[in-house]
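Here are some exercises to work through with the structure open beside you. Try each task before reading its solution.

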Amino acid sequence: MTTDAHPGPLRVLVFGAALRAGSANARLASLVVRLISDTGATVDHAAMHDFDMPLYDGDVEAATGLPNGALALRDRIEQSDAFVISSPEYNGSVPGVLKNAIDWVSRVRPQPFRTKHALLVSASPSLIGGNRGLWALRVPLEHLGTRVYPDMFSLANCYQAFAEDGTLIDPGLRQRLTETVTAFLSLVEADVRYVCLERRWYEFLGDRTEAPITQRAEG
């Protein structure tokens with residue numbers, strides 16, 4: 001018989017990975033927040049400015065430890081069952097500010113990304129909606145043990161995609177985003193409440209909880 005290990009509502013961290021306040025990814029993150037809230041889950045809506053930190057430097061880490069922004073992101077990931085990142089695509093890859101944040105937080109012990117569920121979404125004025133950046137983003141997150149949801153949502157032609165109320169104009173896109181978010185939350189709820197998934201999802205084989213963790217941000 002299964003036991004309810006998590007009696008409260010799901011807790012989901014959502015943030016846009018662009019620094020510009022009026023970015024399309026900030027709007028997409030806000031829309032995802034609304035969709036998650038409609039399910040009864042608790043949403044922590046954040047922005048990249050909440051996690052200000054310098055470029056990763058091993059000498060700085062050795063001298064002063066982790067910056068406050070990295071510790072703040074660590075705390076909010078740990079307090080959540082899952083997280084959603086709405087990320088722009090910069091030159092076909094991950095925004096530097098987001099990769100830098102991942103590198104800093106990867107230095108925390110125990111590793112906060114490990115076994116967390118993540119949904120990746122993007123908005124871009126391009127015809128492919130930032131999808132290449134999301135595939136690049138999966139690499140460091142999955143390496144750190146994050147359970148990145150297989151389905152991703154990429155919003156193309158984003159400057160013409162939003163209605164004044166913040167929803168998506170195209171009904172097909174509205175339905176697909178809603179179904180993607182709902183399916184993701186169903187998976188998270190099944191795992192959190194019933195521990196139905198094996199607690200290991202690593203790129204490197206043979207890893208054990210009690211073993212030293214790879215120094216992933218070292219150059």
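**Exercise 1. Find what share of the protein chain is buried, and describe its surface and its fold pattern.**

Solution. Start with burial: in this predicted model, buried residues account for 48% of the 219 residues in the protein chain. Next, take the surface. The accessible surface of the protein chain is about 10,700 Å², and carbon and sulfur atoms hold 54% of it. Now go through the secondary structure, where you should find six helices and six strands. Their order along the sequence is β-α-β-α-α-β-α-β-α-β-β-α. Finally, look at contacts between residues at least 6 apart in sequence: 79% of them join residues at least 24 apart.

**Exercise 2. Work out how helix α3 packs against helix α4, and which residues meet there.**

Solution. Two numbers are needed, since a pair of packed helices is described by the angle between their axes and the distance between the axes. For α3 (residues 68-78) and α4 (residues 96-105), the angle is about 80° and the axes are 9 Å apart. Angles of 65 to 115 degrees count as roughly perpendicular, so α3 is roughly perpendicular to α4. Then list the residues: A70, L73 and R74 come from α3, and they meet A101, W104 and V105 of α4. Sorted by class, this contact has five nonpolar residues, no polar ones and one charged.

**Exercise 3. Repeat the analysis for α4 and helix α5.**

Solution. The axes of α4 and α5 (residues 131-143) come within 11 Å and cross at roughly 5°. An angle under 35 degrees counts as roughly parallel, and therefore α4 is roughly parallel to α5. On the α4 side you will find L98, K99 and I102, which meet L137, P140 and L141 in α5. The class count for this contact is five nonpolar, no polar and one charged.

**Exercise 4. Locate the largest nonpolar core and identify the elements that build it.**

Solution. First pick out the best-connected members: of the 30 residues in this core, V14, I36, V84, L155, L177, V181 and F184 touch the most other members. Then trace where the core residues come from. At least two residues each are supplied by β1 (11-16), α1 (24-38), β3, β4 (117-123), β6 (153-155) and α6 (171-194). The top contributor is α1, which gives eight residues. Apart from this core lies another, of 27 residues, including F15, L98, V105 and L144. To finish, zoom in on V14. Setting aside neighbours within four places in sequence, V14 contacts A29, V32, V33, I36, V43, D44, H45, A46 and V84.

**Exercise 5. Decide whether S86 and V192 are buried or exposed, and describe where each one sits.**

Solution. Begin with S86, which you will find in strand β3 (residues 82-86). Its relative accessibility is 1%, so S86 counts as buried. Leaving out residues up to four places away in sequence, S86 touches F15, G16, A17, N25, L28, A29 and V121.

Move on to V192, which belongs to helix α6. V192 has a relative accessibility of 13%; the cut-off for buried is under 20%, so V192 counts as buried too. As a last step, compare sequence and space: V192 and A82 are 110 residues apart in sequence, while their C-alpha atoms are 9.6 Å apart.

Note on methods
Residues numbered from 1 in each chain as written. Predicted model: local features only at pLDDT ≥ 70, side-chain atom pairs only at ≥ 80, totals over all residues. Heavy atoms only, no water. Axes fitted to C-alpha atoms, helices over the stretch in contact; angles between N-to-C directions. Helix = DSSP H or I, 4+ residues; strand = E, 2+ residues; numbered from the N terminus. Parallel < 35°, antiparallel > 145°, perpendicular 65-115°, else oblique. Contact = heavy atoms within 4.5 Å. Nonpolar A, V, L, I, M, F, W, Y, C, P; charged D, E, K, R; others polar. Buried < 20%, exposed > 50% of the residue type's maximum accessible area, 1.4 Å probe, protein only. Core = buried A, V, L, I, M, F, W, Y, C linked by side-chain atoms within 4.5 Å. Areas by Shrake-Rupley, 256 points an atom, 1.4 Å probe, with all protein chains shown as cover.
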